[in-house]
Amino acid sequence: MSSNTLISNINKHIQENFWLYIISILCVFTGIILGIYSVKYMGQSERNDLVNYLTNFVDPSNTSGISYKLIFLQSIKNNLPVIILLWFLGLTIVGIPIVIIIDLLKGFTVGFTFSFMISGLGKSGIGIAILGVLPQNIIYIPCIVFASVVSMEFSIMLLKNKFNKQWTSSTSGRILYYSVIFIIIIVVLFIGIIIESYIAPYFVKNLINSMGSVSK
């Protein structure tokens, strides 16, 4: 498939599912805003505990080092089940509300993490948040949005077939095509996982070492 054909198919998909994209993107951004504000209204005890943990984690005097393998496995655990769940929800007909909740939660996680790093570490946290949180989420968020739209689109298609009492061999073929799309999404997702596991920690570590210490 040529690049022009691929771009054409992507544009067609966006046009045909414009409102689903709007819904998904709005949910993610709503979640980000909620995550940011949740940091502001945290209790002082919870805030202090998290600040102490975060400060210890990024302390350059901490000689335990970074376990890239552990981050890699944790990143898979945090992200892969979400995509698999979205795939499953698209097959359930009634999964759209849960898809929306997943988008909200993803946005909330990003907003909370980014906001807390800045709130907890001050100016130092800005650089750490940009290098440690932003890069992989440039991959993760589009993957979540696209997977959410594909899931909702397929769920709507199955719902229409149910109302029309139609279940043809083409529907079975669409399920296979639908599953292949999610396999492609997972492949792209792993780019973000690699960034989160091996690239972002490397840059964060160098940033922390260059600062000498983390302080507000």
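This is a walk through the fold, helix H5, the aromatic pairs and one pocket of a predicted model.

Start with the overall fold. The protein has eight helices and zero strands. Read from the N terminus, the elements run α-α-α-α-α-α-α-α. The protein has 216 residues, and buried residues make up 36% of them.

Helix H4 covers residues 68-90. Leu85 sits in this helix. With a relative accessibility of 37%, Leu85 falls between the 20% and 50% cut-offs, so it counts as partly exposed. Its C-alpha atom is 9.6 Å from that of Ser151, although 66 residues separate the two along the chain.

Next comes the loop between H4 and H5. Leu91 belongs to this loop. Leu91 is partly exposed, at 28% relative accessible area. Between the C-alpha atoms of Leu91 and Leu158 the separation is 7.7 Å, and along the chain these residues are 67 apart. Ile93 is placed in the loop between H4 and H5 as well. Its backbone deserves a look. Most residues other than glycine have a negative phi. Ile93 is not a glycine, yet its phi is positive, at about 75 degrees. Ile93 is partly exposed, with 23% relative accessibility.

Now follow the chain into helix H5, residues 96-121. Does its length fit its residue count, and what span should one expect? The helix has 26 residues, and at 1.5 Å a residue they should span 38 Å. The C-alpha atoms at its ends lie 38 Å apart, so the expected span and the model agree. The count of rises is one less than the count of residues, which is why the product is taken that way.

Which residues of H5 are buried? Val99, Ile102, Asp103, Lys106, Gly107 and Val110 are among them. Further along, the buried set includes Gly111, Ser115, Phe116, Met117, Gly120 and Leu121. Two charged side chains, Asp103 and Lys106, thus appear in the buried set. Lys106 has a relative accessible area of 16%, which is under the 20% cut-off, so it counts as buried. Lys106 and Val145 are 39 residues apart in sequence, and their C-alpha atoms are 9.9 Å apart in space. After H5 comes Gly122, with a positive phi near 65 degrees.

Turn to the aromatic residues. How many aromatic pairs does the whole structure hold? A search finds nine. One of them joins Phe154 and Tyr178. This pair is stacked, with 4.2 Å from centre to centre and 20 degrees between the planes. Phe154 belongs to helix H7 and Tyr178 to helix H8, so the pair ties together parts 24 residues apart in sequence. Phe154 and Tyr178 are both buried.

Tyr202 and Phe203 pair in another geometry. Their ring centres are 5.6 Å apart and their planes stand at 75 degrees, so this pair is edge-to-face. Tyr202 is partly exposed, at 45% relative accessibility. Phe203 is partly exposed too, with a relative accessible area of 42%. Elsewhere, Tyr68, Phe72, Phe190 and Tyr198 make up one aromatic cluster.

The cysteines come next. Cys27 counts as buried at 11% relative accessibility. Cys143 counts as buried too, at 7%. The structure holds zero disulfides.

Finish at the second largest pocket. It holds about 970 Å³ of space. Its lining has 31 residues. Which of them lie nearest its centre? They are His13, Phe146, Val150, Tyr177 and Ile181. Four elements give two or more residues each to this lining: helix H1 (3-16), helix H2 (18-40), helix H7 (134-163) and helix H8 (169-211). H7 gives the most, with twelve residues. By class, the lining of this pocket has 22 nonpolar, four polar and five charged residues.

Methods:
Residues are numbered from 1 along each chain as its sequence is written. This is a predicted model: local features need pLDDT of at least 70, side-chain atom pairs count only at pLDDT 80 or more; totals for chains, interfaces and linings use all residues. Side-chain values use heavy atoms; hydrogens and water are left out. On a 1 Å grid over the protein atoms alone, a cavity is a set of points where a 1.4 Å probe fits but cannot get out, and a pocket is an open set with protein on both sides within 12 Å along at least five of seven lines; lining residues have an atom within 4 Å of a point. Grid points are joined across faces, edges and corners, and a volume is the space filled by probe spheres set on the points. Buried means under 20% relative accessible area, exposed over 50%, partly exposed in between (1.4 Å probe, protein chains only). A disulfide is a pair of cysteine sulfur atoms within 2.5 Å. Rings of Phe, Tyr and Trp (its six-membered ring) pair if their centres lie within 6.5 Å; planes under 30 degrees apart count as stacked, over 60 as edge-to-face and the rest as tilted.
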